[in-house]
Amino acid sequence: MLATIFWTVTTVAVLVSWWRDSDLTKKALQTSWRSLMALVPKVLGMIALVGLVLALVPQEVLTRLFTFKGVGGFALVSLVGAVVTMPAPIAFPLAGSLLGMGAAPAALAAFITTLTMVGIVSAPIEVSYFGVRFTLLRQSLSFVAAILIGLLMGVFL
């Protein structure tokens, strides 16, 4: 439903733009197409790398990783989440499975937050669009926020 609304509004906006200035709209569509084609290989490469890592890591290793106790285990799962990077629709079911395996809720919260907010694997793509300074600042702040969220979840759960 939401996708239909999105595509309808987008189509109407492009048609109105075309009606007002077809040359400018054509240039804008060509520019956006080139940007999309430049981004696709990078995104596919990132997805392939994440999939490869997840396919190669045995479930027993994941179970051991998420049953570490204390600050060391908390920091370790946060770092793993920051490196791996995956979208929320994949991350949340993974969290449910890990919780079922006995993972601590605080560690899971930090892991899922770093997994979705921090992206060391995707950082080169971000740098190419936003620059090194912005990427480092955003990644650092996201990592700190993820740690705080994990700690707060540990307090409340």
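In helix H5, the buried residues are Ala-91, Ala-95 and Leu-98. They sit on the same side of H5, because they cover an arc of only 70° around the axis. A general point about helices helps here. An α-helix has 3.6 residues a turn, so residues three or four places apart point the same way. Bear in mind as you look around that this is a predicted model.

Now turn H5 over. The face turned away from its buried side carries the exposed residues Pro-89, Phe-92 and Gly-100. What lies over the buried residues of H5? The cover includes helix H3 (59–65) and helix H6 (105–117). H5 itself runs through residues 88–100, and its 13 residues should span 18 Å at 1.5 Å a residue. The end C-alpha atoms are 18 Å apart, which agrees with that expectation. After H5 comes Gly-102, a residue with a positive phi, near 105°.

From H5 we can step across to H6. This helix also has 13 residues, and from its first C-alpha to its last it reaches 18 Å, close to the 18 Å expected at 1.5 Å a residue. How many of the residues of H6 are buried? Ten of the 13 are, which leaves H6 mostly covered. Among them are Ala-106, Ala-107, Leu-108, Phe-111, Ile-112 and Leu-115, along with the threonines Thr-113 and Thr-114. The partners that these buried residues pack against are H4, H5 and helix H8 (132–156).

That packing leads us to the largest nonpolar core, which has 14 residues. Those with the most contacts inside this core are Phe-66, Val-77, Leu-98, Leu-108, Phe-111, Ile-112 and Leu-115. You have already met Leu-98 as one of the buried residues of H5. Which elements give two or more residues to the core? They are helix H4 (70–84), H5 and H6. The largest share, five residues, comes from H6. Val-77 is a good place to pause and look around: leaving aside its neighbours within four places in sequence, Val-77 is in contact with Leu-65, Phe-66, Ala-107, Phe-111 and Thr-114. Of these contacts, Ala-107, Phe-111 and Thr-114 are buried residues of H6.

Let us move on to helix H7, which covers residues 123–130. Its buried residues are Ala-123, Ile-125 and Glu-126. Seen down the axis of H7, they fall within an arc of 155°, so they line one face of the helix. Just after H7, Gly-131 takes a positive phi of about 95°.

Glu-126 deserves a closer look. Is its place in the model buried or exposed? Glu-126 has a relative accessible area of 10%, and because buried means under 20%, it counts as buried. Its side chain has a polar contact of 2.6 Å with the side chain of Arg-138. Not counting residues up to four places away in sequence, Glu-126 touches Gly-131, Phe-134, Thr-135, Arg-138 and Gln-139.

One of those contacts, Phe-134, brings us to the aromatic rings. The model has two aromatic pairs. In one, Phe-130 and Phe-134 are tilted, with 5.2 Å from centre to centre and 50° between the planes. Phe-130 is exposed, with a relative accessible area of 56%, whereas Phe-134 is partly exposed at 41%. The other pair is Phe-6 with Trp-7, which meet edge-to-face, 5.5 Å centre to centre and with 75° between the planes. Both Phe-6 and Trp-7 are exposed.

Our last stop is helix H2, residues 22–56. Thr-25 has its place in this helix and, at 5% relative accessibility, counts as buried. The side chain of Thr-25 reaches the backbone nitrogen of Trp-18 at 3.3 Å. Setting aside residues up to four places away in sequence, Thr-25 touches Val-14, Ser-17 and Trp-18. Thr-31 lies in H2 as well, but this residue is partly exposed, with a relative accessible area of 42%. How far apart are Thr-31 and Gly-51? They are 20 residues apart in sequence and 30 Å apart in space, C-alpha to C-alpha.

Key. Residues are numbered from 1 along each chain as its sequence is written. This is a predicted model: local features need pLDDT of at least 70, side-chain atom pairs count only at pLDDT 80 or more; totals for chains, interfaces and linings use all residues. Side-chain values use heavy atoms; hydrogens and water are left out. Rings of Phe, Tyr and Trp (its six-membered ring) pair if their centres lie within 6.5 Å; planes under 30 degrees apart count as stacked, over 60 as edge-to-face and the rest as tilted. Buried means under 20% relative accessible area, exposed over 50%, partly exposed in between (1.4 Å probe, protein chains only). Helices (H or I, at least four residues) and strands (E, at least two) are DSSP runs, numbered from the N terminus. The expected span of a helix is 1.5 Å times one less than its number of residues. The arc is that of the directions from the helix axis to the C-beta atoms. Contact means heavy atoms within 4.5 Å. A polar contact is a pair of N or O atoms within 3.5 Å; within protein, one must be able to donate a hydrogen and the other to accept it, and residues adjacent in sequence count only if both atoms are side-chain atoms. A nonpolar core is a set of buried Ala, Val, Leu, Ile, Met, Phe, Trp, Tyr and Cys residues joined through side-chain atoms within 4.5 Å.
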